[in-house]
Amino acid sequence: QVQVVESGGDLVQPGGSLRLSCAASGFLFSNYDISWHRQAPGNQREWVAFIGRSGSTNIADSVKGRFTISRDNAKNTAYLQMNSLKPEDTAVYYCGAPSANYWGQGTQVTVSS
C-alpha cells in the first residue's frame, strides 16, 4: 500500500524556519523523482521544489535562496528546509512522486506574527 505522509508544518513567525518531512512507503522511493507543491487558500497548487533520483534539485524562483530540498533514500524520506519564511509562504504543503501520481495529504504551514 502506497503511503506518502508529510509532517513538520506549524505556525511560525516571519523570518523563522521550518523543516518539512515527507515519509514514503509502499514503493521503491529511490527510483522516483520527488516534488514539493503548495496551495494557499483561493490559489492554485504551485510547484515549489524538485529532487531527482540522482539528487539533482530545482527550486521555484519564488522561494529560491530560502528553501532547499533534500532526500535520504535509506529513510525513504524527503525534506524541505524553509528559511526566512514570509507570510506569503502560508499554504498547505504537499509532497509526492509526480510520475506515479503518489501524493500525501499535506501539512499546514502558517507564517504570521
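**Exercise 1. The disulfide**

Find how many disulfides the structure holds, and work out which parts of the chain are joined.

Step 1. The structure holds 1 disulfide, a disulfide being a pair of cysteine sulfur atoms within 2.5 Å. The model is predicted, so local features need pLDDT of at least 70 and side-chain atom pairs count only at pLDDT 80 or more, while totals for chains, interfaces and linings use all residues. Residues are numbered from 1 along each chain as its sequence is written, and side-chain values use heavy atoms, with hydrogens and water left out.

Step 2. The partners are cysteine 22 and cysteine 95, with their sulfur atoms 1.9 Å apart.

Step 3. The angle about the S-S bond is -75 degrees, and the link of cysteine 22 and cysteine 95 is left-handed.

Step 4. Cysteine 22 lies in strand β3 and cysteine 95 in strand β9, so the disulfide ties together parts that are 73 residues apart in sequence. Strands (E, at least two residues) and helices (H or I, at least four) are DSSP runs, numbered from the N terminus.

Step 5. Cysteine 22 and cysteine 95 are both buried. Buried means under 20% relative accessible area, exposed means over 50%, and partly exposed is in between (1.4 Å probe, protein chains only).

**Exercise 2. Strand β8 and its partners**

Determine which strands pair with β8, and in which sense.

Step 1. Strand β3 (residues 18-25) pairs with β8 in the antiparallel sense over 6 bridges. Two strands pair if DSSP finds at least two bridges between them. One position to look at is leucine 20, which stands opposite leucine 80 in β8.

Step 2. Strand β7 (residues 67-72) also runs antiparallel to β8, and 6 bridges join these strands. Here aspartate 72 stands opposite threonine 77 in β8.

Step 3. The hairpin of β7 and β8 has 4 residues between the strands, and in this hairpin asparagine 76 takes a positive phi near 50 degrees.

Step 4. As for covering, 5 of the 6 residues of β8 are buried.

**Exercise 3. Arginine 71, a buried charge**

Describe what surrounds the side chain of arginine 71, given that this residue is buried yet has no salt bridge.

Step 1. Arginine 71 is found in strand β7.

Step 2. Look for a partner of opposite charge: the nearest such side chain, aspartate 33, is 5.3 Å away. Lys and Arg count as positive and Asp and Glu as negative, while His and the chain ends are not counted. A salt bridge requires a side-chain nitrogen of Lys or Arg within 4 Å of a carboxyl oxygen of Asp or Glu.

Step 3. Look next at backbone oxygens. That of phenylalanine 29 lies 2.8 Å from a polar atom of the arginine 71 side chain, and that of tyrosine 32 lies 2.9 Å from a polar atom of this side chain.

Step 4. Residues up to four places away in sequence are not counted in the contacts (heavy atoms within 4.5 Å). Among the residues that arginine 71 touches are Phe29, Tyr32, Asp33 and Thr77.

**Exercise 4. Strand β11**

Explain how the side chains of β11 (residues 107-111) are arranged, and name strands that pair with β11.

Step 1. The side chains alternate along the strand: Thr107, Val109 and Val111 point to one face and are buried. Gln108 and Thr110 point to the other face and are not buried.

Step 2. β2 pairs with β11 in the parallel sense over 2 bridges, and leucine 11 stands opposite threonine 110 in β11.

Step 3. β9 pairs with β11 in the antiparallel sense over 3 bridges, and alanine 91 stands opposite valine 109 in β11.

**Exercise 5. Positive phi in two loops**

For serine 84 and asparagine 101, give the phi angle, the place in the chain and the accessibility.

Step 1. Serine 84 is not a glycine, yet has a positive phi of about 50 degrees. Its place is in the loop between β8 (77-82) and β9 (91-97). With a relative accessible area of 41%, serine 84 is partly exposed.

Step 2. Asparagine 101, also not a glycine, has a positive phi of about 55 degrees. This residue sits in the loop between β9 and β10 (102-103). Its relative accessibility is 60%, so asparagine 101 counts as exposed.

Conventions. Polar contact = N/O pair within 3.5 Å; in protein donor to acceptor, adjacent residues only side chain to side chain.
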